[in-house]
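User: I would like to learn how to read the features of a protein model one at a time. Could you take me through them, giving the general idea before the particular case?

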Amino acid sequence: PQDPNEGTADDLLKTIAAQRGKAITPITDNVPFDIPANWRWVKLGDISNYGECISKDVRDLSKDAWILELEDLEKGSARIIQRITLQDRQIKGIRREFHKGAILYSKLRTYLNKVLIAPSDGY
């Protein structure tokens with residue numbers, strides 16, 4: 001059941017729209033299935049920054065920056081097995097920046113189900 005302290009989907013969409021600086025229009029046509037009356041269909045791109053990323057050269061990162069690799073996550077649960085910083089990981093090239101609370105998922109070997117909410121900032 002809906003937690004009355006959380007507000008409605010419309011309230012949440014207004015908050016997200018204010019943060020993103022653009023209106024969000026719920027989808028009403030061609031929806032794939034029915035949802036509860038207090039939910040809303042919207043486009044993922046309207047409520048997230050999916051696909052937007054900041055790339056940084058590893059030479060510009062702090063030595064204590066967390067560098068997350070697929071091998072650091074447990075298959076299926078995405079539990080963090082090890083947390084390695086730049087100073088302990090020999091890498092070159094660029095890395096994508098992420099922030100605490102971001103939803104991280106593997107675009108490589110998606111069958112491993114490595115998805116997690118970032119517990120802190122990293123690359």
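Analyst: The turns below go from the overall fold to the aromatic pairs, the nonpolar cores and two lysines, and the model they describe is a predicted one.

User: Which elements does the protein chain have, and in what order do they run from the N terminus on?

Analyst: A fold is usefully read first as a list of elements and then as an order. The protein chain here has 2 helices and 4 strands, and from the N terminus on these run α-α-β-β-β-β.

User: How does the radius of gyration of the protein chain stand against the globule rule?

Analyst: The idea is to set the computed radius beside the value expected for a chain with this number of residues. For the 123 residues of the protein chain the globule rule gives 14 Å, whereas the radius of gyration is 18 Å, well over that value, so the chain is more spread out than a compact globule. Along the principal axes, the C-alpha atoms fill a box of roughly 50 × 30 × 30 Å. Buried residues make up 27% of the chain, and the exposed surface comes to about 9300 Å², of which carbon and sulfur atoms supply 52%.

User: How many aromatic pairs does a search of the whole structure find, and how should I read their geometry?

Analyst: The search finds 2 aromatic pairs. In the pair of Phe33 and Trp41, the ring centres are 5.1 Å apart and the planes stand at 75°, and because an angle over 60 degrees counts as edge-to-face, this pair is given that label. Trp41 itself is partly exposed, with a relative accessible area of 24%. The pair of Trp66 and Phe98 is also edge-to-face, with 5.5 Å from centre to centre and 80° between the planes.

User: Where do Trp66 and Phe98 lie along the chain, and are they buried or exposed?

Analyst: Trp66 lies in the loop between β1 (55-57) and β2 (94-96), while Phe98 lies in the loop between β2 and β3 (103-105), so their pairing ties together parts that are 32 residues apart in sequence. Both residues are buried. The ring of Trp66 has a further partner, since the charged end of Arg83 sits over it, 4.1 Å from the ring centre.

User: Which residues form the largest nonpolar core?

Analyst: In soluble globular proteins, nonpolar side chains tend to be buried together. Here the largest nonpolar core has 8 residues, namely Trp66, Leu68, Leu73, Ala78, Phe98, Leu104, Leu116 and Ala118, and the aromatic pair of Trp66 and Phe98 described above therefore belongs to it. Setting aside residues up to four places away in sequence, Leu104 touches Leu68, Phe98, Lys114, Val115, Leu116 and Ala118. A second, separate core has 7 residues, including Leu61, Ala65, Ile91 and Tyr123.

User: How should I read single residues, such as Lys22 and Lys75: where are they found, and what do they touch?

Analyst: For a single residue, it helps to combine its place, its accessibility and its contacts. Lys22 is found in the loop between α1 (9-20) and α2 (44-47) and is partly exposed, at a relative accessible area of 37%. Beyond its neighbours up to four places away in sequence, Lys22 touches Ala17, Gly45 and Asp46.

Lys75 is in the loop between β1 and β2 and counts as exposed, at 58% relative accessibility. Apart from neighbours within four places in sequence, Lys75 is in contact with Leu112 and Lys114. Lys75 and Asn113 are 38 residues apart in sequence, and their C-alpha atoms are 6.3 Å apart in space.

Note on methods
Residues numbered from 1 in each chain as written. Predicted model: local features only at pLDDT ≥ 70, side-chain atom pairs only at ≥ 80, totals over all residues. Heavy atoms only, no water. Phe/Tyr/Trp six-rings, centres within 6.5 Å; stacked < 30°, edge-to-face > 60°. Buried < 20%, exposed > 50% of the residue type's maximum accessible area, 1.4 Å probe, protein only. Lys NZ or Arg CZ within 6 Å of the ring centre and 35° of its normal. Core = buried A, V, L, I, M, F, W, Y, C linked by side-chain atoms within 4.5 Å. Contact = heavy atoms within 4.5 Å. Rg over C-alpha atoms; globule rule 2.2 N^0.38 Å. Areas by Shrake-Rupley, 256 points an atom, 1.4 Å probe, with all protein chains shown as cover.
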